[in-house]
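The following exercises concern a single protein chain. Each task is followed by a solution in steps.

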Amino acid sequence: MTKVVHIVIVKFKPEVTEEVKERVGSEIRALKDKIPEIISATAGKNFTDRSQGFEYGWVVEVKDKNGLSGYNNHPAHLEFVSKNKPLIADLLAFDYEV
C-alpha cells in the first residue's frame, strides 16, 4: 500500500507567542478527526540547532495522492490555513510517497 507523507515546517512571525504556536500544533493534530483522508497527524516544536530558524513542524500522512488533494481542499484544512497563515513568516512543504 502506498501512502503520501506531507511535511510542513514553519517560522512564525516574531510576535507570535508560544501558546499560539502550541495551539497551531494542536489544531493540526485535531484535523485527523475531521478529515477522513488523514491516516496520522503529528506536530511539534524543534529542539535542535539545525533548523535554520524553522521552529515548528508537522507531518500528515494520507492514503495516496488523491488523499492529499482531498486533505488540501477539505473545508477544515482550508479554515486552518485561513486562520493561521497570517501568523507564519516562512513555510516549507514537502510531499513524498512511501
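**Exercise 1: Tyrosine 96**

Y96 is partly exposed, because its relative accessible area is 35% and the class lies between buried (under 20% relative accessible area) and exposed (over 50%), with a 1.4 Å probe and protein chains only. The model is a predicted one, in which local features need pLDDT of at least 70 and side-chain atom pairs count only at pLDDT 80 or more, while totals for chains, interfaces and linings use all residues. Residues are numbered from 1 along each chain as its sequence is written, and side-chain values use heavy atoms, with hydrogens and water left out.

Task. Determine where Y96 is placed and which residues it is in contact with, leaving aside neighbours within four places in sequence.

Solution.
1. Y96 belongs to strand β4; helices (H or I, at least four residues) and strands (E, at least two) are DSSP runs, numbered from the N terminus.
2. Contact requires heavy atoms within 4.5 Å. By this criterion, and without neighbours within four places in sequence, Y96 is in contact with K3, V4, V5 and I7.
3. For E61, the C-alpha to C-alpha distance to Y96 is 9.8 Å, at a separation of 35 residues in sequence.

**Exercise 2: The sheet**

Task. Establish the order of the strands in the open sheet and identify the edge strands.

Solution.
1. The open sheet has 4 strands in the order β2-β3-β1-β4, with antiparallel pairing; two strands pair if DSSP finds at least two bridges between them.
2. β2 (38-45) and β4 (88-97) are the edge strands, each pairing on one side only.
3. Neighbouring strands are turned by 15° against each other on average, direction ignored; the axes are lines fitted to C-alpha atoms, for helices over the stretch in contact, and angles run from 0 to 180 degrees between N-to-C directions.
4. Strand β1 (residues 4-12) is joined to β3 (residues 56-62) by 7 bridges, and the two run antiparallel. I7 stands opposite V59, and I9 stands opposite G57.
5. β2 and β3 also run antiparallel and are joined by 7 bridges; I38 has V62 in β3 as its bridge partner.
6. Of the 7 residues of β3, 6 are buried.

**Exercise 3: Helix α2**

Task. Which residues of α2 are buried, and against which elements do they pack?

Solution.
1. In α2 (residues 65-73), the buried residues are G67, L68 and Y71. They lie on the same side of α2, because they cover an arc of only 105° around the axis, taken from the directions from the helix axis to the C-beta atoms.
2. The face turned away from this buried side carries the exposed residues K65, N66 and N73.
3. The buried residues of α2 pack against β1, α1 (18-30), β2, β3, α3 and β4.
4. At the start of α2, a side-chain oxygen of D64 reaches to within 3.2 Å of the backbone nitrogen of N66.

**Exercise 4: Histidine 77**

Task. Is H77 buried or exposed, and which residues does it touch, not counting those up to four places away in sequence?

Solution.
1. H77 lies in helix α3 (residues 75-84).
2. H77 counts as buried because its relative accessibility is 10%.
3. Beyond residues up to four places away in sequence, H77 touches L31, I35, Y71 and N72.

Definitions and conventions. A polar contact is a pair of N or O atoms within 3.5 Å; within protein, one must be able to donate a hydrogen and the other to accept it, and residues adjacent in sequence count only if both atoms are side-chain atoms.
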